[in-house]
Number of protein chains: 2
Amino acid sequence: MPAPLPPFEATDDTSVLAQTPRTRAVRRGDRGNHDVATIHAILDEAPVCHVGFIDGTDSPVPVVIPTVPWRVGDELLIHGSSASRMIRRLQSGGEACITVSLIDAWVLARSGFNHSVNYRSVVLFGRPRLIDDETEKRAALDALVEKIEPGRAAKVRPANAQELKATAVLAFPIAEASAKIRSGPPCDDPEDMDLPVWAGVVPLSLVAGTPIRDGE
Amino acid sequence: MPAPLPPFEATDDTSVLAQTPRTRAVRRGDRGNHDVATIHAILDEAPVCHVGFIDGTDSPVPVVIPTVPWRVGDELLIHGSSASRMIRRLQSGGEACITVSLIDAWVLARSGFNHSVNYRSVVLFGRPRLIDDETEKRAALDALVEKIEPGRAAKVRPANAQELKATAVLAFPIAEASAKIRSGPPCDDPEDMDLPVWAGVVPLSLVAGTPIRDGE
């Protein structure tokens with residue numbers, strides 16, 4: 001039984017997030033990563049995150065909802081209808097675990113056991129703050145449009161009062177977070193290397209196709 | 001305050017899953033879908049799912065872990081190290097919420113508010129059974145390899161006793177589950193239709209690149 005860990009490991013290096021018991025890579029520690037730039041890059045690339053929270057009063061139930069995440073500085077933002085269950089739970093102090101996964105390749109090994117996936121993931125724990133200052137909220141929503149297409153926020157019709165009210169924006173500190181990354185070829189057992197089966201990686205990437213203009 | 005819903009809506013139609021309070025689409029009910037074939041197709045296409053469970057004893061914390069899902073009949077399977085936190089929590093009776101999201105397009109509207117994403121998602125609630133019969137476990141793990149490349153299970157070295165012991169396979173009934181789908185062009189407000197901004201969809205798809213053979 002390992003000794004209890006201190007809540008945060010002291011570090012003066014702001015390029016690396018402090019580890020907590022929840023963000024320390026216990027299994028496959030070689031894949032764990034707490035580098036801020038790495039974590040930001042994965043969050044920025046992800047079109048979708050999965051927000052886990054606890055619902056239910058009598059008997060707690062885990063709920064995982066997909067939504068588009070975007071980053072403003074050192075916070076990760078999500079938004080939703082002010083009336084949605086996810087927003088209501090989190091806005092009232094609920095804790096979330098937000099996970100982002102980028103799938104880079106299937107890893108085909110010579111044994112079934114050594115098959116794997118190349119991926120870059122981030123797991124973030126935290127409680128959000130509600131962005132309710134109108135100026136900050138407008139800037140935050142503009143940043144979401146900018147994530148989809150840089151330069152676009154200035155071109156679209158800005159939100160009116162009703163739309164702004166109907167939308168809740170939550171900001172999570174990117175503080176208690178860690179990345180996990182696997183890359184490279186399969187790791188086969190030495191005695192399997194001569195088996196007559198193709199082994200290697202099949203790259204996967206999320207690719208944008210030809211845009212389809214509305215009405216065409 | 002709506003009246004409490006019955007736990008399951010009676011249906012004799014086996015092509016449609018019964019709705020529960022947790023799987024009824026409350027918001028955007030037009031996007032909700034309980035068709036079994038639709039749910040299976042989304043699960044089959046997904047290279048990754050996000051498994052939400054509750055960790056912590058004193059203070060419950062939501063945790064969301066990405067892993068590769070695969071389907072065998074009307075069960076959704078996941079696997080992991082027998083020693084992993086996720087497996088231990090779920091194996092000991094923990095409830096999970098497993099969510100799969102396929103991102104099909106950015107939807108660019110004429111107002112910021114009407115931007116959206118075309119997606120196909122499944123949210124599944126349930127408690128798993130541990131597959132511990134050796135024959136069933138081997139068949140299940142073969143089915144995972146087959147998901148990656150049909151025909152491959154017969155070519156790779158089968159799991160040895162130690163590998164089999166180190167791997168836990170959990171099967172969730174695909175029973176309390178629902179799909180949610182958005183497709184098509186942006187839905188703009190009529191008064192925005194003449195704004196001089198490009199609107200439409202940018203298709204996104206996960207594409208396999210040229211395989212890279214190990215050692216090349």
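Biologist: How far does the backbone oxygen of B:Gly184 lie from a polar atom of the side chain of B:Asn118?

Modeller: This is a predicted model, and the distance is computed from it. A polar contact is a pair of N or O atoms within 3.5 Å; within protein, one must be able to donate a hydrogen and the other to accept it, and residues adjacent in sequence count only if both atoms are side-chain atoms. From the B:Gly184 oxygen to the B:Asn118 side chain, the value is 3.0 Å.

Biologist: What pLDDT must side-chain atom pairs have to count?

Modeller: Residues are numbered from 1 along each chain as its sequence is written, chains are lettered from A and ligands numbered from 1 in the order in which they are written, and side-chain values use heavy atoms, leaving out hydrogens and water. In this predicted model, local features need pLDDT of at least 70, totals for chains, interfaces and linings use all residues, and side-chain atom pairs count only at pLDDT 80 or more.

Biologist: Which residue joins its side chain to that of B:Asn118 in a polar contact?

Modeller: B:Asn118 sits in strand E7 of chain B; helices (H or I, at least four residues) and strands (E, at least two) are DSSP runs, numbered from the N terminus. Among its contacts (heavy atoms within 4.5 Å), beyond four places in sequence, are B:Leu102, B:Asp104, B:Ser183 and B:Val201. The side-chain polar contact spans 2.7 Å, and the partner is B:Arg182.

Biologist: Is B:Asn118 buried or exposed?

Modeller: Buried means under 20% relative accessible area, exposed over 50%, partly exposed in between (1.4 Å probe, protein chains only). B:Asn118 has a relative accessible area of 6%, so the term is buried.

Biologist: How many bridges pair strand E7 of chain A with strand E10 of chain A?

Modeller: Two strands pair if DSSP finds at least two bridges between them. Ten of the eleven residues of E7(A), residues 116-126, are buried, so the strand is largely enclosed by the rest of the structure. E6(A), residues 96-108, pairs with E7(A) in the antiparallel sense over eleven bridges. E10(A), residues 176-182, also pairs with E7(A) in the antiparallel sense, and its bridges number seven.

Biologist: Which residue in E10(A) stands opposite A:Leu124?

Modeller: From E7(A), two facing pairs can be named. A:Val117 has A:Trp106 opposite. A:Leu124 faces A:Ala177.

Biologist: Which residue joins its side chain to that of A:His50 in a polar contact?

Modeller: A:His50 is in strand E2 of chain A, residues 49-55. Its relative accessible area is 3%, so A:His50 is buried. It touches residues of chain A, including A:Val64 and A:Cys97, and of chain B, including B:Thr99 and B:Ser101. The polar contact is 3.3 Å, and the partner is B:His50.

Biologist: Which residue of chain B forms a salt bridge with A:Arg157?

Modeller: A salt bridge is a side-chain nitrogen of Lys or Arg within 4 Å of a carboxyl oxygen of Asp or Glu. For A:Arg157, the closest N and O atoms are 3.3 Å apart, and the partner is B:Asp189.

Biologist: Where in chain B is B:Asp189?

Modeller: A:Arg157 is buried at 17% relative accessible area, whereas B:Asp189 is partly exposed at 23%. The pair crosses between chains, starting from A:Arg157 in the loop between helices H3 (134-148) and H4 (161-166) of chain A. B:Asp189 is in the chain B loop between strands E10 (176-182) and E11 (200-208).

Biologist: How many residues apart are B:Arg22 and B:Glu176?

Modeller: B:Arg22 and B:Glu176 form a salt bridge, with the closest N and O atoms 3.0 Å apart. B:Arg22 lies in the segment before strand E1 (32-33) of chain B and B:Glu176 in strand E10, a separation in residues of 154.

Biologist: Is B:Glu176 buried or exposed?

Modeller: Its partner B:Arg22, at 25% relative accessibility, is partly exposed. B:Glu176 stands at 14%, so it counts as buried.

Biologist: How far apart are the closest N and O atoms of B:Asp104 and B:Arg120?

Modeller: B:Asp104, in E6 of chain B, and B:Arg120, in E7 of chain B, are 16 residues apart. B:Asp104 is partly exposed at 23%, and B:Arg120 is partly exposed at 21%. Their salt bridge has its closest N and O atoms apart by 2.8 Å.

Biologist: How many salt bridges are there over all chains?

Modeller: One network links A:Arg22, A:Glu95, A:Arg127 and A:Glu176. Over all chains, the salt bridge count is 38.

Biologist: What axis relates chain B to chain A?

Modeller: Copies are superposed by least squares on the C-alpha atoms of residues with pLDDT of at least 70 in both. Chain B fits on chain A with an RMSD of 0.0 Å, after a turn of 180° and a shift of 0.0 Å along the axis. That relation is a two-fold axis.

Biologist: Which residue of chain B has the C-alpha nearest the axis?

Modeller: The same surface serves both copies, and 100% of the contact residues of chain B recur in chain A. The nearest C-alpha of chain B is 2.1 Å from the axis and belongs to B:Leu206.
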